[in-house]
Each structure stands twice: as structure tokens, then as C-alpha cells.
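Me: Please give me a close look at one strand and whatever surrounds it. Keep it brisk, and tell me how far the coordinates can be trusted.

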Amino acid sequence: MAANVRDFTLPNVSIGPDPFSLAELPDDVSFVVLFFQRDHYCTNCRQQVQTLAERIDEFHERDAEVVSIVPEPVDRVESWQETYDLPYPLLADPQTEAGDAYDQPVRFGILGTFSDFFGRMPEVVIVDRRGAEPEVAYVHKGSSTFDRPETDDLLSELDDLRSAE
């Protein structure tokens, strides 16, 4: 599935470089798991970021960094950090720069840009940084607000990628 990785620079309200870009991550980070969230109000997104926080060590054991990207202004994303104290980068993407670069699905097309009810769907992208150039190794594009991979499935995907060296 190798595809080009698009770097971006976004404000980070949690740990890690601020502003955040993939290129600024340490060399020992082999994989980056990008979680493109729906919006600030999304209950499923809020549950997901908390689950990821609880299991962050399992990602780090696989040389992977979790990055959550919320298509909202910095102040709204900061409220997530204040509430959940997430131990991984949490990025504000108010202009949907990263979401657009990675083709985050938008339900109902143009209507989705006007209404939160339709809007952006969740997406997960795993970037493999081990080669000369980073590659997109995995993509899950949600078709609904509930359509997101289980954490165990993502960890298994990372295991498979690591064993395919």
C-alpha cells in the first residue's frame, strides 16, 4: 500500500514538538499512527483518545507514536488536553490542512462542510518511517462516526508491519 507521506505543521497542545511536524519526530520512532478525529464535540472521538492514552505504552513498545488531530481551533483542542491530560501529541487542525492532505472522509460532500451532523468521519493512518522515505502503510477511512478500528487491531497491524522488515 506504499503511498507518499505528506508532512504538515500544526499546533500541538500536548507533549512533543510544538508546532508538530512528522519530520521533527526522533529517529527512533519507526511508526506514526495518525488519528483524524471528527470534531471537538464527538463523543466517540473523546472515548478513543482516552483509550489510546490508557494503552500508549503498547504503542511505544512497538516504536510507534500516537498523534491525534482535531479539526478545530487551538482553544477547543486545549480543552481536551485540560480534561484528559493525553500523553501523546494532540494537534489542532482548524483549516483541515492535515485532514485534507490525507483525504479524511467527509460525509455528504459539500453539506458536510456546513453541518457538524454530517461532516468529517474518523480516519486512521499508519506512517512507516523505517525506509529512506516514509510511507503510508495502513489506512482506515470511517464511513460513520462509529467506524473506527479497534486498538487491538491497530496493535496487530503494527506487529505485522514490524515483522515484515
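Reply: Start with a cut-off: a residue counts as buried when its relative accessible area is under 20%, exposed when it is over 50%, and partly exposed in between. Cys-42 has 5% relative accessibility, so Cys-42 is buried. Cys-45 is buried as well, because its relative accessibility is 0%. The structure holds zero disulfides.

Now the confidence. This is a predicted model. Its mean pLDDT is 89 along the chain, and 90% of the residues score at least 70. Among the elements, α2 has the highest mean, at 98. The lowest mean belongs to helix α5, residues 109-112, at 50. Coordinates should not be read in detail where pLDDT is low.

The strand to look at is β1. It covers residues 31-36. Six of its six residues are buried. Side chains in a regular strand alternate between the two faces of the sheet. In β1, Phe-31, Val-33 and Phe-35 point one way. Val-32, Leu-34 and Phe-36 point the other way.

Next, the neighbours in the sheet. β1 runs parallel to β2, joined by six bridges. In that pairing, Val-33 faces Val-66 of β2. β1 runs antiparallel to β4, again with six bridges. There, Phe-31 is opposite Asp-128, and Val-32 is opposite Val-127.

Go one strand further. β4 and β5 are antiparallel and share six bridges. They make a hairpin, with six residues between the strands. Val-127 of β4 stands opposite Val-136 in β5. So which strands make up the whole sheet, and in what order? The order is β3-β2-β1-β4-β5, an open sheet of five strands with mixed pairing. β3 and β5 are the edge strands; each has a single partner, so one side of each lacks a neighbour in the sheet. From one strand to the next, the twist averages 20°.

Now the packing. Val-33 also belongs to the largest nonpolar core, which has 28 residues. It is listed with Phe-59, Tyr-88, Ile-126 and Leu-158 as touching the most other members. Several elements each give at least two residues to this core. Among them are the strands β1, β2, β3 and β4. The helices α1, α2, α3 and α6 are also on that list.

Phe-59 is worth a stop. Leaving out residues up to four places away in sequence, it touches Val-33 of the strand. It also touches Leu-52, Ala-64, Val-66, Thr-151, Leu-155 and Leu-158. Val-33 and Val-66, which stand opposite each other, are therefore both contacts of Phe-59.

There is a second, separate core of 17 residues. Phe-36, from β1, is one of its members. Others include Leu-22, Ala-98 and Val-136. Recall how these side chains point: Val-33 goes one way from β1 and Phe-36 the other.

Now some loops around the sheet. Pro-89 lies between α3 and β3. With a relative accessible area of 2%, Pro-89 is buried. What does it touch, beyond residues up to four places away in sequence? Its contacts are Asn-12, Ser-14, Ile-15, Phe-20, Glu-65, Val-66, Val-67 and Ser-68. Pro-89 and Ile-15 are 74 residues apart in sequence. Their C-alpha atoms are 5.3 Å apart.

Last, the backbone details. In the segment before β1 sits Pro-19. A cis peptide bond joins Asp-18 to Pro-19, with omega about 5°. Two further residues have positive phi. Asp-63 has phi near 55°, although it is not a glycine. Its place is the loop between α2 and β2. Asp-63 has a relative accessible area of 33%, so it is partly exposed. Thr-96 also has phi near 55° and is not a glycine. Thr-96 sits in the loop between β3 and α4. Its relative accessibility is 16%, so Thr-96 counts as buried.

Back to the strand, then. β1 is paired with β2 in parallel and with β4 in antiparallel fashion. Its Val-33 is in the core of 28 residues, and its Phe-36 is in the core of 17.

Conventions. Residues are numbered from 1 along each chain as its sequence is written. This is a predicted model: local features need pLDDT of at least 70, side-chain atom pairs count only at pLDDT 80 or more; totals for chains, interfaces and linings use all residues. Side-chain values use heavy atoms; hydrogens and water are left out. A nonpolar core is a set of buried Ala, Val, Leu, Ile, Met, Phe, Trp, Tyr and Cys residues joined through side-chain atoms within 4.5 Å. Buried means under 20% relative accessible area, exposed over 50%, partly exposed in between (1.4 Å probe, protein chains only). Helices (H or I, at least four residues) and strands (E, at least two) are DSSP runs, numbered from the N terminus. Contact means heavy atoms within 4.5 Å. Two strands pair if DSSP finds at least two bridges between them. Axes are lines fitted to C-alpha atoms, for helices over the stretch in contact, and angles run from 0 to 180 degrees between N-to-C directions. pLDDT is the predictor's confidence in each residue, from 0 to 100. A disulfide is a pair of cysteine sulfur atoms within 2.5 Å.
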